[in-house]
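Good morning, and thank you for the time at this meeting. I would like to take you through one protein model, beginning in its interior and ending at its surface.

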Amino acid sequence: MRKLTRLSRFNVASLALGLAFLYLPILILVIYSFNASRLVTVWGGWSLRWYHEFFNDRAMIEAAWMSFRVAVSSATIATLLGTLAAVALSRGERFRGRTLFSGMLYAPLVMPEVITGLSLLLLFVALNAERGFWTVTIAHTTLTMCFVAVVVQSRLGSLDRSLEEAAMDLGCDPVRAFVAVTLPLIAPAIVAGWMLAFTLSLDDLVIASFTTGPGSATLPIRIYSEVRLGVKPEINAICTLVIALIAAVIVIASLASKLSSSQGESAAPL
């Protein structure tokens with residue numbers, strides 16, 4: 001069978017149109033965040049005016065800090081719980097209730113966010129819990145834990161279990177064998193799961209709107225409330241900063257994954 005050695009013009013054009021459809025609106029948003037004009041669609045020259053306005057907007061700063069704290073907390077908890085769930089599903093193929101456990105774990109993947117948010121709201125109301133930082137964090141942990149479990153379980157499924165068995169033959173107990181051999185090998189997947197959970201939490205609007213309370217609005221909720229009254233140039237600056245933050249997280253996570261992967265590969269033969 002003849003192999004294709006170069007892309008056709010049609011493939012190149014399709015790829016270019018797809019990338020333009022995805023990234024051209026983001027590029028325009030970033031450019032107009034430096035617009036000096038008060039009108040969003042009218043270019044008035046280059047300026048950092050709206051970034052200055054954002055850093056002087058106390059309500060926006062508090063909402064951004066709230067979103068960042070929720071994202072870090074929920075991503076960390078979801079990574080821990082999701083990793084443990086992935087290990088249980090990968091290493092405990094025959095335990096009783098595995099099907100029910102996996103179904104409950106992966107339900108948020110297919111469940112509409114409106115239903116998830118409403119059910120969590122009813123739960124917090126039934127428990128008479130004060131809605132705020134922790135209710136949003138719990139809700140985002142529930143949403144993102146399944147994504148972490150999927151990523152880590154796929155990595156565990158591709159590992160050679162004979163490495164763990166060799167470690168146990170050399171005197172390691174199962175926990176020590178997992179920590180010394182398996183954990184370094186799945187570290188890139190854990191980092192990727194944390195990054196995915198962080199970005200999903202930072203971006204969530206629907207579930208947060210059900211579970212938040214007075215004085216604990218996240219940045220997406222604040223932006224949505226502002227946009228309903230009309231798009232301000234300050235919103236472009238805020239979104240650009242969020243894009244920069246997510247890009248930085250991706251770069252750092254990629255570097256950490258490469259470092260963990262190289263260390264795990266060098267340690268595996270030992």
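Which residues of the largest nonpolar core touch the most other members? Before I answer, please keep in mind that this is a predicted model. The residues in question are Val152, Leu156, Leu159, Ala167, Ile186 and Phe198, out of 19 residues in that core. Three elements give two or more residues each to this core: helix 3, covering 58-91, helix 6, covering 133-157, and helix 8, covering 174-203. The most comes from helix 8, which provides eight residues.

Let us look at one of these residues in detail. Setting aside residues up to four places away in sequence, Phe198 touches Phe68, Ala71, Val72, Ala75, Leu245 and Val249. There is also a second core, separate from the one just described; it has seven residues, among them Phe54, Met60, Leu219 and Ile223.

I now turn to a polar residue. Ser201 also belongs to helix 8. Is Ser201 buried or exposed? Its relative accessible area is 4%, and the limit for a buried residue is under 20%, so Ser201 is buried. What does the side chain of Ser201 meet there? The side chain of Ser201 makes a polar contact of 2.7 Å with the side chain of His140. Apart from neighbours within four places in sequence, the contacts of Ser201 are Val70, Ala71, Ser74, His140 and Thr144. Ala71 therefore appears twice in this account, as a contact of Ser201 and as a residue touched by Phe198.Next, the charged side chains. How many salt bridges does the structure hold? It holds four. One of them joins the side chains of Glu226 and Arg222, with a distance of 3.5 Å from N to O. Both residues lie in helix 10, residues 219-227, and they are four residues apart, about one turn of the helix. Glu226 also forms a salt bridge with Lys232, where the closest N and O atoms are 3.3 Å apart. Lys232 in turn forms a salt bridge with Glu234, and here the closest N and O atoms are 3.8 Å apart. Through these shared partners, Arg222, Glu226, Lys232 and Glu234 are joined into one network.

How accessible are the members of this network? Glu234 counts as buried, because its relative accessibility is 7%. Glu226 counts as buried too, at 14% relative accessibility. Arg222 is partly exposed, with a relative accessible area of 28%, and Lys232 is partly exposed as well, with 32%.

We come now to the surface. Which residues make the nonpolar surface patch of about 720 Å²? They are Leu15, Leu19, Phe21, Leu22, Tyr23, Ile26 and Ile243. Helix 1, residues 9-32, supplies the largest share of this patch, six residues. Tyr23 is a residue of helix 1. Why does Tyr23 count as exposed? Its relative accessible area is 52%, and exposed means over 50%, so Tyr23 passes the limit.

A further exposed residue is found in helix 3, namely Leu80. Leu80 counts as exposed because its relative accessibility is 54%. Leu80 and Val148 are 68 residues apart along the chain, and their C-alpha atoms are separated by 8.8 Å.

Finally, let me step back to the chain as a whole. The protein chain has eleven helices and zero strands. Its C-alpha atoms fill a box of roughly 70 × 65 × 35 Å, taken along the principal axes. What share of the 270 residues counts as buried? The share is 34%. The accessible surface of the protein chain comes to about 16,500 Å², and 68% of that surface belongs to carbon and sulfur atoms. As for contacts between residues at least 6 apart in sequence, 71% join residues at least 24 apart.

To close, I would ask you to return to the structure and find three places. The first is Phe198, one of the residues that touch the most other members of the largest nonpolar core. The second is the salt-bridge network of Arg222, Glu226, Lys232 and Glu234. The third is the nonpolar surface patch, to which helix 1 gives six residues. Thank you for your attention.

Definitions and conventions. Residues are numbered from 1 along each chain as its sequence is written. This is a predicted model: local features need pLDDT of at least 70, side-chain atom pairs count only at pLDDT 80 or more; totals for chains, interfaces and linings use all residues. Side-chain values use heavy atoms; hydrogens and water are left out. A nonpolar core is a set of buried Ala, Val, Leu, Ile, Met, Phe, Trp, Tyr and Cys residues joined through side-chain atoms within 4.5 Å. Buried means under 20% relative accessible area, exposed over 50%, partly exposed in between (1.4 Å probe, protein chains only). Contact means heavy atoms within 4.5 Å. A polar contact is a pair of N or O atoms within 3.5 Å; within protein, one must be able to donate a hydrogen and the other to accept it, and residues adjacent in sequence count only if both atoms are side-chain atoms. Patches are made of residues with over 30% relative accessible area and no salt bridge: like charges are joined within 9 Å, nonpolar side chains (Val, Leu, Ile, Met, Phe, Trp, Tyr) within 5 Å. Accessible areas come from the Shrake-Rupley method with a 1.4 Å probe; for residues, only the protein chains shown count as cover.
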